[in-house]
Amino acid sequence: MKLTFTAGAWSLALLLAAGGARAQSVLKYVNPNIGTAHSRWFFYTPAAVPYGMAKLAPSTNGHYGNASGWEAVGYDTRQNSIEGFVHFHEWQVGGVSFMPTTGELRVKPGDLDGPATGYRSRFDRKNQVAEPGYYRVLLDDYGITAELTATKRVGFHRYTFPKNEQAHIILDIGNKQGESSDVTDASIRMVDATHVEGFVSTYPKYVKTYDPTGKVNMYFFGEVSKAPASVGAFTAAGTQPNTNSATGKGAGLFLNYKTAAQEKIELKVGLSYTSIANAKANLQAEARRLTFDQARTAAQATWQRELSKIAVEGPDEQNKTKFYTGLFHALLGRGIASDVNGAYPKHAGQVGQLAASGPAPRPEFINTDAIWGGYWNLTQLWALSYPEWYGNYVNTQLQVYRDKGWFGDGLANSEYISGVGTNFVGLAVAAAYQVGIRNYDVNLAYQAVRANELNWRNRPFGSGKMDVKAFTQYGYVPFKEGYKQDQGVWYKTDSTGAYFSNSHTLEYSYSAFAAAQMAKALGKKEDYAQLIKLSNGWQAILNPQSQLMQPKLADGTFAGNFKPFEPWRGFQEGNAMQYTFYVPQNPAGLIAAIGRDKFNSRLDSIFTASAKTGFGGGKEIDAFAGVNAIYNHGNQPCLHISWLFNFSGQPWLTQKWTRQICDEFYGTEPIHGYGYGQDEDQGQLGSWYVITALGLFDVKGFTDARPIIELGSPLFSKATIQLGNQNKLVIEAKNTAKQNVYVQAAELNGKPLTNCWLYRDELMRGGRLVFTMGPQPNKAWGSQTPPPSAQ
């Protein structure tokens with residue numbers, strides 16, 4: 001058989017062949033089923049390429065949507081019927097479901113507890129295969145084998161039917177999918193016997209909250225390998241046989257066939273967020289001559305290449321599964337929103353055009369969940385080996401700044417969808433500058449970073465940080481008890497203060513530090529002075545008696561009725577016990593304020609206690625199970641805390657606790673994946689595992705003028721890392737074993753390291769970083785000179 005590949009597909013296929021055993025071994029360690037008992041809409045999308053727009057996956061509960069915003073949605077390992085295969089999976093974006101069936105025609109998906117009420121089908125997970133870039137399942141009720149794969153912007157389906165006089169493919173585009181909320185408009189039509197096109201518009205919950213004049217549009221242009229015998233349409237109003245188009249809520253088509261035994265019908269579906277024409281152009285550019293098998297080969301070659309940028313070796317197979325599944329989720333989480341021609345979705349359904357920038361590849365525009373906490377995992381991983389995606393993130397945010405005048409933390413087709421009401425984009429952009437990612441207008445970037453920290457006039461609600469005026473006026477955000485709920489607005493924030501006052505004060509202090517370092521680098525002396533002063537706002541809310549962060553009123557007094565373990569009151573998604581350690585920009589200052597011995601004993605006792613509950617919410621399947629705990633690894637505000645011992649003279653405790661978190665919080669089961677039902681937030685917890693398993697981290701998220709890398713306890717005997725600057729770094733851990741968690745000695749390129757940290761630019765030169773491990777701490781190593789914490 002002669003294969004016809006595009007040039008890109010040929011190169012990927014050759015890469016797959018050349019990768020040999022090592023490349024194959026990387027893919028086999030990715031298990032997309034891990035953590036699927038409680039996951040977000042993007043999470044279970046195996047039929048995709050890294051950062052793809054086309055993210056195809058089965059849905060067990062997609063049309064139910066996401067009532068509370070936190071329960072598992074899309075695919076849940078505890079559910080045993082599939083209602084369709086959906087193309088779009090992003091934060092607040094979902095739509096376009098296809099489903100093959102046989103027998104009596106049904107055009108409603110049906111209920112989870114009664115699959116026969118609709119077209120959904122039961123399935124057995126023994127007959128399911130999920131790999132990076134590929135998915136296959138047997139639909140028991142129909143005897144149909146469904147397979148999925150994708151290119152960046154094109155989804156591929158292959159359905160193998162039994163012999164049947166009544167076979168159907170249901171194109172259900174007019175119903176809510178996942179987090180995208182209700183459909184406001186939809187249209188689908190057969191262009192000719194084998195081509196279909198359409199669109200769906202939705203008004204997601206967070207768009208309604210944060211960017212109410214916005215909308216999310218999804219477009220598609222599809223090609224089916226066999227013309228149907230007949231076509232019918234349906235809407236919320238009912239079914240219309242022998243009709244080839246439908247519009248409005250509930251719109252869809254059904255394609256009717258008579259199939260022979262083992263007959264295969266394939267579909268290619270070009271996707272776009274801008275227009276049907278661009279969906280067609282994306283299909284033509286990426287998949288015009290690709291068969292399903294060729295697309296699968298190319299997709300899996302892409303995953304081999306990207307995952308293999310960090311190759312780990314060692315005898316522990318379970319740790320490799322955790323590592324590569326975490327890396328898979330990190331590379332899957334965000335998704336491109338721009339087309340092959342550079343068109344991208346602007347606010348309220350408009351279309352923008354990304355400008356080319358010389359010979360370098362044009363940055364992609366991406367959809368993204370909030371970067372809240374991402375500086376302790378995702379951006380560090382991007383900066384290590386995937387700098388093009390850090391650059392895409394920065395360029396996306398700068399395009400939104402040009403278009404709308406403000407950064408937006410979370411984005412769905414340029415619409416603001418923060419979800420947390422704050423905004424760390426300025427910090428992430430400043431850190432990109434500090435690590436040398438500068439493929440953008442630096443002056444514009446600084447202007448936007450400064451505005452994010454200091455500007456409050458005419459600030460739109462969706463850009464977050466609505467209490468910037470209060471923070472700059474008081475040096476902290478005043479606590480407003482009455483804002484717990486105001487006129488139906490939960491956890492209100494405005495220019496006078498906030499209910500989440502303490503977490504905001506701590507967050508804004510940190511991001512002010514990041515902006516200050518960028519200001520200093522660019523010679524903005526007055527800005528630096530103002531921002532560095534604001535970076536110490538945490539001092540205003542640290543109660544010297546309790547030595548805990550306590551909500552403070554506008555008159556300078558601490559709020560009464562203070563309960564250290566009480567979540568939400570003053571602290572978003574956490575409590576005072578957790579947030580007191582949220583001073584990443586100045587650990588030395590926090591340690592001095594508490595006292596080093598007391599700091600160490602308190603922090604060590606916190607981890608000793610939290611280890612008994614799995615470092616978070618125990619075994620309760622609830623994303624918020626740990627918000628009232630002493631420590632909660634399942635959510636962002638705590639992710640740097642285990643690394644603080646490096647600053648307090650006891651680096652062996654960072655080695656101990658980071659290793660134990662890797663061993664016990666992370667699992668390899670569908671229910672115990674990232675804790676028990678914790679919130680993966682588009683790859684953040686997976687990224688934390690990856691960088692921590694390598695023994696590398698930065699509490700400050702690379703915001704220093706000269707960023708550092710802190711050293712921990714590497715899990716693997718050897719890791720070979722292709723750095724983003726094309727240098728190679730090999731990390732070796734001699735005598736590594738489950739009980740050998742402590743660093744006895746370390747060296748870089750033959751030179752002994754006496755500190756538990758080094759400057760990042762030294763690491764990025766590549767070479768060999770060698771640790772010698774042992775079962776007991778060497779308290780002399782790395783304890784004399786803490787990482788810099790200068791203000």
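Begin by selecting domain 1 (39-307) in one colour and domain 2 (315-334 + 369-774) in another: in this predicted model, both domains give residues to the lining of the largest pocket, so the pocket lies between them. To centre the view on this pocket, select K152, P361, R362, E364 and W389, which of its 40 lining residues lie nearest its centre. The space in the largest pocket comes to about 1000 Å³.

Next, show the helices α1 (7-28), α3 (276-287), α4 (292-307) and α7 (387-404), each of which supplies at least two residues of that lining. Keep α7 highlighted, as the largest share of the lining, 7 residues, comes from this helix. If you then colour the lining residues by character, you will find 19 nonpolar, 11 polar and 10 charged.

Now leave the pocket and turn to a sheet. Strands of a sheet pair through backbone hydrogen bonds, either parallel or antiparallel. Here 7 strands make up an open sheet, and following them across in the order β1-β3-β4-β10-β17-β14-β15 shows antiparallel pairing. Select β1 (57-59) and β15 (238-240) to see the edge strands, each of which pairs on one side only. Looking across the sheet, you can follow a twist that averages 25° from one strand to the next.

For a closer look within the sheet, select strand β4 (residues 93-102) together with strand β10 (residues 164-172), which pair in the antiparallel sense over 6 bridges. Finish by picking S97 and then D172, its bridge partner in β10.

Note on methods:
Residues are numbered from 1 along each chain as its sequence is written. This is a predicted model: local features need pLDDT of at least 70, side-chain atom pairs count only at pLDDT 80 or more; totals for chains, interfaces and linings use all residues. Side-chain values use heavy atoms; hydrogens and water are left out. On a 1 Å grid over the protein atoms alone, a cavity is a set of points where a 1.4 Å probe fits but cannot get out, and a pocket is an open set with protein on both sides within 12 Å along at least five of seven lines; lining residues have an atom within 4 Å of a point. Grid points are joined across faces, edges and corners, and a volume is the space filled by probe spheres set on the points. Helices (H or I, at least four residues) and strands (E, at least two) are DSSP runs, numbered from the N terminus. Ala, Val, Leu, Ile, Met, Phe, Trp, Tyr, Cys and Pro count as nonpolar, Asp, Glu, Lys and Arg as charged, and the others, Gly among them, as polar. Domain bounds come from an automatic or database domain assignment. Two strands pair if DSSP finds at least two bridges between them. Axes are lines fitted to C-alpha atoms, for helices over the stretch in contact, and angles run from 0 to 180 degrees between N-to-C directions.
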